[in-house]
Amino acid sequence: MRIVVLAGGIGGARFLRGLKAAAPEAEITVIGNTGDDIHLFGLKVCPDLDTVMYTLGGGIHEEQGWGRADETFVVKEELAAYGVGPEWFGLGDRDFATHIVRTQMIGAGYPLSAVTEALCARWQPGVRLIPMSDDRVETHVVIDAPDDGGRKAVHFQEYWVRLHASVPAHAILPVGAEQAKPAPGVLEAIGEADVILFPPSNPVVSIGTILAVPGIREAIADAGVPVVGLSPIVGDAPVRGMADKVLAAVGVEATAAAVAEHYGSGLLDGWLVDTVDAAAVERVESAGIRCRAVPLLMSDVDAAAQMARTALELARETAS
Ligand code: FO1
């Protein structure tokens with residue numbers, strides 16, 4: 001079975017670990033979000049691609065869900081000693097090696113998709129990881145500029161990490177998305193898929209950014225195979241992260257049903273909500289999307305695997 005998964009960071013990566021356990025024979029292609037990418041210290045950092053690669057490759061810092069295990073921060077300290085910022089983004093020594101190799105290969109003319117393939121040759125994630133695009137797309141967030149009463153756009157990472165999404169987001173801008181093209185293999189993987197999954201990633205800045213690359217949303221809508229998503233919102237709050245902040249920016253209430261409606265029945269055939277949101281099933285079904293209420297907390301790999309099995313079951317039901 002060929003499965004295509006649109007993945008952002010931590011939620012997507014943890015779901016993928018469960019999907020691999022639930023469908024060990026499946027051929028899984030992950031279309032990774034690159035809107036979180038940031039250039040720091042002359043290096044290109046790809047947080048969502050690295051989170052998938054490290055999580056599935058066994059190198060992730062498990063509690064954080066990002067960055068490497070057994071990390072040290074000597075280079076970061078030395079940069080700070082030179083007064084070179086930003087200090088608010090925690091790049092570790094082991095992680096720096098990934099960004100150095102990536103930046104070196106891009107400087108030599110390799111596209112991000114080829115670079116990602118090369119990095120994955122070491123990590124062996126057990127899935128094919130393709131960036132959504134080889135073109136530069138960077139998500140920026142419009143916030144109030146308190147000093148002059150106006151507004152300003154900051155890089156997503158500054159909003160997410162330095163500001164902890166503590167101020168209202170007025171708009172989410174995937175800068176460069178309109179001009180971006182799907183990376184080689186993305187449309188082919190969607191066209192050849194037997195099922196397409198939207199894991200519990202951030203619906204705005206992760207899956208939404210991937211869908212903002214022209215051609216990807218249309219390819220999924222036209223694929224003619226089941227598309228099943230899992231709600232990142234449980235009990236009217238994000239399981240992890242601050243998805244509610246960016247959902248508000250796009251006028252979507254932070255509920256499991258509202259996120260399903262946001263994707264729409266043109267994309268989704270099925271939607272899993274958590275058991276605490278069982279009351280949402282009727283509203284989602286009335287939007288033309290099959291819906292089931294099951295436990296959605298990925299407390300361990302087995303829990304994630306059970307979610308993946310249920311998502312694949314629902315996909316089969318919607319196909320029949
Ligand atoms: N998230 C944080 O909350 N604090 C950090 O200092 C931080 C550093 C970091 C370094 C590399 C990397 O790949 C991810 C990092 N993240 C950090 C997580 C990152 O902001 C998120 O994983 C995604 O961008 C959102 O999914």
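These legends describe close-up views of a predicted model with a bound ligand.

**View A. The ligand in its pocket.** The largest pocket holds the ligand. Two elements each supply two or more residues to the surrounding shell: α2 (47–57) and α6 (156–162). Helix α6 makes the largest contribution, with four residues. Domain 2 (38–124) and domain 3 (138–178) each provide at least three shell residues.

**View B. The shell around the ligand.** The ligand has 13 residues around it. Of these, Asp 36, Pro 47, Asp 48, Gly 90 and Gln 157 come nearest. Sorted by class, the shell holds eight nonpolar, two polar and three charged residues.

**View C. Polar contacts to the ligand.** Three side chains are picked out here: Asp 36, Asp 48 and Trp 66. A side-chain N or O atom of Asp 36 is 2.9 Å from a ligand oxygen. For Asp 48, a polar side-chain atom lies 3.2 Å from an oxygen atom of the ligand. Trp 66 pairs with a nitrogen instead: an N or O atom in its side chain is 3.5 Å from a nitrogen atom of the ligand. On its own, the ligand has 530 Å² of accessible area, and the protein covers 86% of that.

**View D. The cis peptide bond at Pro 86.** Gly 85 and Pro 86 are joined by a cis peptide bond. Its omega is about 0°. Most peptide bonds are trans. Pro 86 belongs to the loop between α3 (74–81) and α4 (93–107).

**View E. The backbone at Asp 70.** Asp 70 has a positive phi, near 50°. Most residues other than glycine have a negative phi. The residue is placed in the loop that runs between α2 and α3.

Definitions and conventions
Residues are numbered from 1 along each chain as its sequence is written. This is a predicted model: local features need pLDDT of at least 70, side-chain atom pairs count only at pLDDT 80 or more; totals for chains, interfaces and linings use all residues. Side-chain values use heavy atoms; hydrogens and water are left out. A residue is near a molecule or strand if one of its heavy atoms lies within 4 Å of it. A polar contact is a pair of N or O atoms within 3.5 Å; within protein, one must be able to donate a hydrogen and the other to accept it, and residues adjacent in sequence count only if both atoms are side-chain atoms. Accessible areas come from the Shrake-Rupley method with a 1.4 Å probe; for residues, only the protein chains shown count as cover. On a 1 Å grid over the protein atoms alone, a cavity is a set of points where a 1.4 Å probe fits but cannot get out, and a pocket is an open set with protein on both sides within 12 Å along at least five of seven lines; lining residues have an atom within 4 Å of a point. A molecule sits in a cavity or pocket if more than half of its atoms lie within 2 Å of its grid points. Ala, Val, Leu, Ile, Met, Phe, Trp, Tyr, Cys and Pro count as nonpolar, Asp, Glu, Lys and Arg as charged, and the others, Gly among them, as polar. Domain bounds come from an automatic or database domain assignment.
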